[in-house]
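Reader: Could you choose one part of this structure and look at it closely? Please also show me how that part fits with the rest of the chain.

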Amino acid sequence: MPLPYLTWMPASYNNNLAFAGARHAWNALLNLWERRQNRAVLRSRPLVIQVEVTKRCNIHCFMCLREDIPKEDMLPEVLAEVLPLSKHTREMQLYGYGEPLIAKPFYALLGRLECANIRFTTNGVALKPGVLHRLLTEARRPVSHISFSIDAATASTYEEIRQGSDFGRVLNNLAYVDEYRRMHGLRFPMTEIAFVAMKRNIRELKDVVRLASRSGVSSVHVAHVVVWDERNREESLLYHPEETQRCFAEAEEAASALNVRLDLPARISLNGKGEPPDPTRGAPKCYMPWRHPVIKFNGDVQPCCAAPDDVMGNVLEDTFEAIWNGSRFGRFRMRVNSTRPPEVCKSCDIRFRDSPSGDRIEEVYIRPPPANR
Ligand code: SF4
């Protein structure tokens with residue numbers, strides 16, 4: 001069945017504010033004002049909540065930490081706590097360490113959330129045509145964006161990275177989203193390719209941009225791999241600045257010719273080649289703890305997706321509102337942009353994505369795994 005509520009958006013639309021009603025717009029303004037004031041306690045609510053619907057996955061990526069993490073779905077009691085939060089939240093992002101499409105809580109939330117729009121990231125294996133149709137027709141609110149994790153343009157490189165996946169099947173599933181949109185006259189969901197950049201795939205980035213263009217994908221988002229295992233150290237582009245520079249330039253050229261939005265991280269380098277980090281710039285400000293908390297499968301609340309060891313509370317023990325404005329969260333907010341930030345913020349790949357800090361750059365991309373995964 002067509003989804004008429006998705007058809008009225010202008011073609012130029014590329015952000016989620018178009019879905020927001022007056023309540024969300026007011027909350028966004030209040031939130032902006034409160035974070036500019038550096039408030040510890042907030043009247044506003046999060047703009048976005050990321051919800052980890054499962055820890056399970058259907059493939060095994062060689063750079064992932066999956067071996068040591070519990071293979072569980074979101075607890076039903078946690079799901080019940082998440083639902084009412086969606087009334088005030090503009091966007092709910094349904095993903096975490098696991099693959100959302102294989103988890104029942106994903107579908108349970110999809111049919112009941114009241115946020116302005118929904119977004120998720122998937123490895124794409126399970127997003128077959130029937131599943132896409134089901135989730136778009138069952139979703140109570142618009143699914144605005146689907147991000148596919150695709151880190152290569154050839155089956156051999158892709159399947160070496162995402163072990164157990166099937167490149168051909170994932171590309172078919174990706175292309176079907178575009179076909180579905182055209183069949184039903186829809187502009188949404190928009191698709192994105194999320195590319196984890198490393199030594200073994202960086203030469204394929206320009207071809208991934210071409211693949212995106214062929215598949216009706218609107219943007220390619222690139223992030224540097226974070227190496228958790230010493231054995232993979234050489235995969236970090238820290239040690240390959242010239243090759244990175246060349247491949248990024250080729251990808252930029254392809255993106256500009258094909259009109260694909262390409263979101264590249266900073267060129268990172270240990271030896272000053274490429275685009276060296278500028279130590280005089282200091283750490284960029286981070287506002288994630290004001291805007292974008294995470295609720296884990298077990299109810300733990302994190303201030304952002306990059307701080308798994310900094311648990312602010314648990315929704316099974318306290319209300320979300322009490323956690324959001326509790327002393328732990330307040331202290332975290334007060335420290336994040338101070339001269340004494342929490343340890344995790346000193347080597348955060350999200351914070352330093354566009355502006356890596358000179359003296360700690362190696363700690364940002366090569367580090368021990370978090371304890372609480
Ligand atoms: S700097 Fe990184 S770890 Fe710290 S709050 Fe921001 S996103 Fe989270």
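Author: The ligand is a convenient place to start. In this predicted model, 13 residues surround the ligand, and the closest are Cys-286, Cys-304, Cys-345, Cys-348 and Arg-351. By type, the shell around the ligand divides into 12 nonpolar residues, no polar ones and 1 charged one. Two helices, H9 (288–291) and H12 (343–346), each supply at least two residues of this shell.

Going on along the chain from helix H12, we come to Asp-349, in the loop that leads from H12 to helix H13 (361–365). Is Asp-349 buried, exposed or partly exposed? It has 18 other C-beta atoms within 10 Å, and a residue needs 20 or more to count as buried, so Asp-349 is partly exposed. Beyond its neighbours within four places in sequence, Asp-349 is in contact with His-224, Val-226, Ala-306, Val-364 and Tyr-365. Take Val-364 from that list: it is 15 residues from Asp-349 in sequence, yet their C-alpha atoms are 5.5 Å apart in space.

His-224 provides a link to another part of the chain. Besides being a contact of Asp-349, His-224 is in contact with Ala-197. Other contacts of Ala-197, again leaving aside neighbours within four places in sequence, include Ile-202, Leu-205, Val-222, Ala-223, Val-225 and Leu-237. Ala-197 belongs to the largest nonpolar core, which has 86 residues. Within that core, Ala-197 is one of the residues that touch the most other members, together with Leu-94, Leu-109, Phe-195, Val-208, Val-209 and Val-220.

Now the sheet. Out of the chain's 13 helices and 12 strands, 10 strands form an open sheet with mixed pairing, in the order E9-E8-E7-E5-E4-E3-E1-E10-E11-E12. Its edge strands are E9 (261–263) and E12 (313–314), each of which pairs on one side only. Strands of a sheet pair through backbone hydrogen bonds, either parallel or antiparallel.

A run of neighbouring pairs can be followed through the sheet. Strand E5 (residues 143–149) is joined to strand E4 (residues 117–122) by 5 bridges, and the two run parallel. In this pair, Phe-120 stands opposite Ile-146. E4 is joined in turn to E3 by 3 bridges, also in parallel, with Gln-93 opposite Arg-119. Strand E3 (residues 91–94) pairs with strand E1 (residues 48–51) in the parallel sense over 4 bridges, and here Ile-49 stands opposite Met-92. E1 then pairs with strand E10 (residues 294–295) over 2 bridges, once more in the parallel sense. The bridge partner of Val-51 in E10 is Ile-295.

What share of E4 is buried? The strand is mostly covered, with 6 of its 6 residues buried. In a regular strand the side chains alternate between the two faces of the sheet. In E4, Asn-117, Arg-119 and Thr-121 point one way, while Ile-118, Phe-120 and Thr-122 point the other, and all are buried.

Some loops have backbone details to note. Pro-189 lies in the loop between helix H6 (167–184) and strand E7 (190–197), and the peptide bond that joins Phe-188 to it is cis, with omega near 5 degrees. Asn-38, in the loop between helix H1 (22–36) and E1, has a positive phi of about 55 degrees although it is not a glycine. With 14 other C-beta atoms within 10 Å, Asn-38 is partly exposed. Asn-259, in the loop between helix H8 (241–258) and E9, also has a positive phi, of about 60 degrees, and is not a glycine either. Asn-259 counts as exposed because it has 8 C-beta neighbours inside 10 Å.

For the chain as a whole, 42% of the 373 residues count as buried. Among contacts with a separation of 6 or more, 75% are between residues 24 or more positions apart.

Last comes confidence. The mean pLDDT of the chain is 89, and 89% of its residues reach 70 or more. Residues 1–16 have a pLDDT below 50, and this stretch has 26 contacts in the model beyond near neighbours in sequence. Over residues 272–280 the pLDDT is also below 50, with 20 such contacts. Where pLDDT is low, the predicted coordinates should not be read in detail.

Key:
Residues numbered from 1 in each chain as written. Predicted model: local features only at pLDDT ≥ 70, side-chain atom pairs only at ≥ 80, totals over all residues. Near = placed C-beta within 6 Å. Nonpolar A, V, L, I, M, F, W, Y, C, P; charged D, E, K, R; others polar. Pairing = 2+ DSSP bridges. Core = buried A, V, L, I, M, F, W, Y, C linked by C-beta atoms within 7 Å. Buried ≥ 20, exposed ≤ 12 C-beta atoms within 10 Å, placed from the backbone. Contact = placed C-beta atoms within 7 Å. pLDDT = per-residue confidence, 0-100.
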